[in-house]
Amino acid sequence: MHDNPLLEGLDRDRRAPPCVLVVYGASGDLTSRKIMPAIERLHRQRQLPGAFAVVGTARTEMDDDDFQKACLRSVPDAAAGWDELVKGFRYVAGDYTATETFDRLKEVLAEVDEQRGTSGNRVHYLATVPSLFDDIARALGREGMHEPRFDGSFVRIVCEKPYGRDLASARELDDAMHSAFAEDQIYRIDHYLGKETVQNTLALRFANSFFEPLWSRQHIDHVQVTVAESVGVGTRAGFYETAGALRDIVQNHVLQVLAVCAMEPPATLDATGVRDEKVKALRAIRPWDPVDVVDHVVRAQYDSGWAEGEQVKGYRSEQGVDPSSTTETYVALKLEIDNWRWAGVPFYVRTGKRLPKRVTEVAFTLKAVPHLPFTTRDSRGLSPNALVLRIQPDEGITLRFGAKVPGGSFEVRDVLMDFSYGASFLQDTPDAYERLLLDAMVGDPTLFIRTDEVEQAWQICDPILEAWNDPSYPVATYEAGSWGPKEADLLLQRDGRRWRTP
Amino acid sequence: MAGVATRTLGEWTGRATKVGEVLEQLDGLRRKGQRSLASRTSVLTLVVHAPSAVDAWDAVATVHRFGGHHPARSIVLVPLPEGPARLDARVSLTAAEAGGHQVWFEDVVLSISGPAARRLGSLVEPFALSDLPLVAWYLGAAPEAGDDLVATADAVLVDSKLAIGEEGGDAGDDGPVGALPERDTLDAVVALFGRVPVVDLAWIRLRPWRELLAALVDGAAFRPALDDLRSATVTGKASARALLGGWLSSRLRLPPGTLHLVAARHASVRLVGRIDGREATFSVERLAGERLVRATATVEGGPSFTDVLALPEADPSWALAQALTGLRCDPVYEAAVRAGLA
């Protein structure tokens, strides 16, 4: 394949090559809410090639025309040209267990290649419920659709979390995927990795000499990871009852963020460099023995209370929730990383629904200075230094350090130095899906999760789930709109620490 | 980016003043900003070289449309070398919002008459933010090689379209069709190459045409046409013809006699080549009367498609923001200008 000399100087690696995006679950919520708007933005920003099309497939009976109308409706504020692009989109209705569905899909894909010059390149996007991943992956293998149609063309498959519901089911799913696809064809999405955060964290750690020397047990006392949501379970009770906070947030988002924060400096920032170091960090996290879980993990459910100025129900009273449910809406845990860098530095993690506000942050609290030459009275407003990576809503970095209060006395007090990405750069941040879709089309797997990372994350979560299978394992409660149960406070108090108020 | 609300927090005007006085007033305003508003992150100092006071105000307004995404300090210089020695100044402090955060920034407008107007570098230094890049934006002609402001700058912004007297904010806008740019203008730009990164706003405004054409010929079904090109036609006004024509010549090593430049109100590019004996046509053209560009690829008896895209805002702040985002030497641009002159 010859190089395109006109792309020189035009951010070549941020432009998708000619390809077809095949969306499974094309009549679903994820397609209309996330995928189509992301495609439209990529098109608007001229990051899509002219030779591009979406082929949607789902069980819903629709023709091309209906699908195109649905795509137009998904992006009401589309820029000019979206309707022209959508005219080339196709739809195949059918059951994923039926051979005819895939025969028809192959025909349509060949037509698209002929008509639009998409050159046999495919990105299969599994936007269905996870229970269908297995069927689709195996069918693609059976039909030979996992292999490039021409010399030099590519086939990739993208799937959404949850990737299994424990180690065993994750392995089964992986077997299905690998029965057809090689690991380097598989792109597992965790949209947290599509936020700028991961790369910002890598830049903060490895482009600066300020922070990395402090980034270890020598200087850091402990780390707190908070992923707080103010909303309740809402209309997702059916799904949530089978998932819970550990599977929904900790197994993927939290452990991914934690891995990026705790990993060793990679030699290169490519997919292998970054993911090798991430999996090493995950491997160093000590899985708790099921009998020890109770000392390190608190699960809880929100009770009724007041959240964001509104009186709200408790979890067990929500529609679609079993009144005797033990599904956790909150989990707090203490993790230990057994390596030279982090031995003895606890990582406290908490995530929950109906907490006071929506915020995600990682806070590194530094050790106190060895000696304070100030009087107790003068230094009572002083806490240990802290570095906070704010992930959402306002992405940035906060440094907390002590400064003298102006005046005659030598009183010292905490001050915060804020850095906000939004106020510092002229361009806007791309949406996570936009970023990840483009990466999958371009073929950059750096921000996708590799199979060994998935396994390692389940290795950490499985013993916890096992311990929770015991009906006598306590389910704490917390008032909606509070920062969690008192049991979670005790988890830190035992170590002489307390939770931050983000 | 357009339509961002800004608010003036304070201003000061000094007639026949001194640099020391202006700095003192600027400092006072800055302290006021620190007291009343949270934070500011600076990324660069933007120095605007304006041929007249009217241009200076337009430039300030353009920069303000960045709103909360702001380079932090703008210094606008209006040099009048012929007049008696005198410095007039206006300093203002403006607030805007970015992602829920209030941010603030200062503008300094200096009218300089007399000999100091030829030594602008010395005037700018005390106002520049320390340790950050300084970008010199020339609203009029490109600077001469000996300009001491260029020596101070980390990057120079020019607009080869305005410099050759074409009005309007977009390479494809209505306006005089014009002859090819006078060699002097692009020669001045070429003289800066190798000394300082040059970012040309006209080149940035033509980026959609370049991106679309590059996307049309991408991939196994279309790319082979570039190996057997029969003709390349560029229409547009003078700067668009020179830059796009130079770009195609330098990137595609066009056989002699294949490049045709045609004066027109709207920019367009058309390539015709052959793939296995079949004709392949690629065209990118602005649709008359609309801010839309249509890109079409057609292989005789083979694949074809049409893509329609909205052009970015006509607001000059769009091109400026793009320019300030990538302040590097652009070898593709430099080769295009050189080829455009050849």
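Which backbone nitrogen does the side chain of Glu328(A) reach? That of Leu246(A), at 2.8 Å. Keep in mind that this is a predicted model.

Let me stay with Glu328(A) for a moment. In chain A, the loop between strand E9 (310-312) and strand E10 (330-335) holds this residue. Glu328(A) is buried, yet has no salt bridge. Where is the nearest side chain of opposite charge? That is Arg299(A), 5.2 Å away. A salt bridge needs a nitrogen and a carboxyl oxygen within 4 Å. Now the surroundings. Leave aside the neighbours within four places in sequence. Glu328(A) is then in contact with Tyr240(A), with Ala243(A) through Arg247(A), and with Arg299(A), Ala300(A) and Trp468(A). So much for the loop.

Next, a helix in the same chain: H13, residues 432-442 of chain A. How many of its residues are buried? The count is 10 of the 11, so this helix is largely enclosed by the rest of the structure. The buried set has charged members, among them Glu434(A), Arg435(A) and Asp439(A). It also includes Leu436(A), Leu437(A) and Leu438(A). Look at both ends. At the start of H13(A), a side-chain oxygen of Asp431(A) comes to within 2.9 Å of the backbone nitrogen of Tyr433(A). After the helix comes Gly443(A), with a positive phi, near 95 degrees.

Now the interface. Here 49 residues of chain B are in contact with 40 residues of chain A. How much area is buried between the two chains? About 3,700 Å², and carbon and sulfur atoms give 59% of that.

On to the polar side. The rule finds three salt bridges across the interface of chain B and chain A. One pairs Arg207(B) with Asp11(A), with the closest N and O atoms 3.2 Å apart. Nine residue pairs are in polar contact across this interface, both residues at pLDDT 80 or more.

Which elements of chain B supply at least two residues each to the side that touches chain A? Two are strands: E5 (101-113) and E14 (304-310). Three are helices: H8 (207-216), H9 (238-252) and H10 (316-325). H8(B) gives the largest share, eight residues. By type, the side of chain B that touches chain A has 31 nonpolar, 10 polar and eight charged residues.

To recap. Glu328(A) is buried without a salt bridge, and its side chain reaches the backbone nitrogen of Leu246(A). H13(A) is largely enclosed. Between chain B and chain A, about 3,700 Å² is buried.

Conventions: Residues are numbered from 1 along each chain as its sequence is written. Chains are lettered from A and ligands numbered from 1 in the order in which they are written. This is a predicted model: local features need pLDDT of at least 70, side-chain atom pairs count only at pLDDT 80 or more; totals for chains, interfaces and linings use all residues. Side-chain values use heavy atoms; hydrogens and water are left out. Helices (H or I, at least four residues) and strands (E, at least two) are DSSP runs, numbered from the N terminus. Buried means under 20% relative accessible area, exposed over 50%, partly exposed in between (1.4 Å probe, protein chains only). Lys and Arg count as positive and Asp and Glu as negative; His and the chain ends are not counted. A polar contact is a pair of N or O atoms within 3.5 Å; within protein, one must be able to donate a hydrogen and the other to accept it, and residues adjacent in sequence count only if both atoms are side-chain atoms. Contact means heavy atoms within 4.5 Å. Buried area is the accessible area (1.4 Å probe) that two parts lose on being put together, summed over both.
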